[in-house]
Amino acid sequence: PTVPLAVAQCRQAGIRVMMVTGDHPATAAAIAAEVGIITVPPESRHRFSDLGKPTEGCSVVITGQELLSFPDEAWEWVLAHREVVFARTSPEQKLLIVGQCQLAGNIVAVTGDGVNDAPALKKANVGVAMGAGSEIAREAADMVLLENDFCAIVTGVRQGRCLFDNLKKVMIYVLPAGEFSEALPVFATVFLGMPVPLSTFLMI
C-alpha cells in the first residue's frame, strides 16, 4: 500500500521510476498502473507500433521481443516518455536498458532481488538489492535494503540529499573563512586516501 506513495515522492524529488520485468505486458501495465508508475489511461499508452508519435502525456510499454529488433533511434523516443515499462525482458535486455539510460545522460539506480537482476545491478550507477533476495544479487549491488521495502529508497534519498546539502553548507562556510585547518583533512582523505584525523562530529 505504501509503494504508490513512494513512487509519487520519487517523482516529486525529480526521480523517474521505470518498471523492467519478465511479466506479460498486460500484467506489467496493470501492476505499473496500480503502484503509480503509469498514471495515464489505456488509450494514452504507447506500444512499439506507435514509434514516432508525440510522447507528451503518454506512457509506453515495450516487450523483450520488440527489443530484439529495436533500432537505435527508437531509444530516444522511448526514453522521452515520462512513464516507461519494459515487459518480458531477459537479463541481457535488462543490462541493455540500463546502458541505454546511461548513454542518454541519466544516473541510473536499479533495484532487484533475483539472480537475473545481478548484471543490471552491477552495471547501474547504484545497485540496490533486497535483503531477502538472492546472494548473487546482494553481492552485485552497491547497497542492500534490510527492510525489503521500496519506501526505504525514498528515505535513503532524502537523508542522502540532506547530508549532501549540509556538507556543501559547511564547505561554503569553511573555505572563505580561511579555516583550512578544517578543510585540509577532508581533502587529504578524499584525494590522498589518508585516514581522517578528526571525527565527522568534530569537523562539522
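Two strands are taken to pair if DSSP finds at least two bridges between them; helices (H or I, at least four residues) and strands (E, at least two) are DSSP runs, numbered from the N terminus. The model is predicted: local features need pLDDT of at least 70 and side-chain atom pairs count only at pLDDT 80 or more, while totals for chains, interfaces and linings use all residues. Residues are numbered from 1 along each chain as its sequence is written, and side-chain values use heavy atoms, with hydrogens and water left out.

Valine 128 stands opposite methionine 143 in strand 7. Strand 6 (residues 126-130) pairs with strand 7 in the parallel sense over 3 bridges. An open sheet of 3 strands, in the order 5-6-7, is formed with parallel pairing. Its edges are strand 5 (109-112) and strand 7 (143-145), each of which pairs on one side only.

The largest nonpolar core (buried Ala, Val, Leu, Ile, Met, Phe, Trp, Tyr and Cys residues joined through side-chain atoms within 4.5 Å; buried means under 20% relative accessible area with a 1.4 Å probe, protein chains only) has 22 residues. Those with the most contacts inside this core are Ile62, Leu67, Phe70, Val78, Phe86 and Val110. Elements giving two or more residues to the core include strand 3 (59-63), helix 4 (72-79) and helix 5 (91-103); helix 4 supplies the largest share, 5 residues. Apart from this core lies another, of 17 residues, among them Ala6, Ala32, Ile38 and Val85.

Leaving aside neighbours within four places in sequence, leucine 67 is in contact (heavy atoms within 4.5 Å) with Ile62, Trp75, Phe86, Thr89, Gln93 and Ile97.

Definitions and conventions
Buried means under 20% relative accessible area, exposed over 50%, partly exposed in between (1.4 Å probe, protein chains only).
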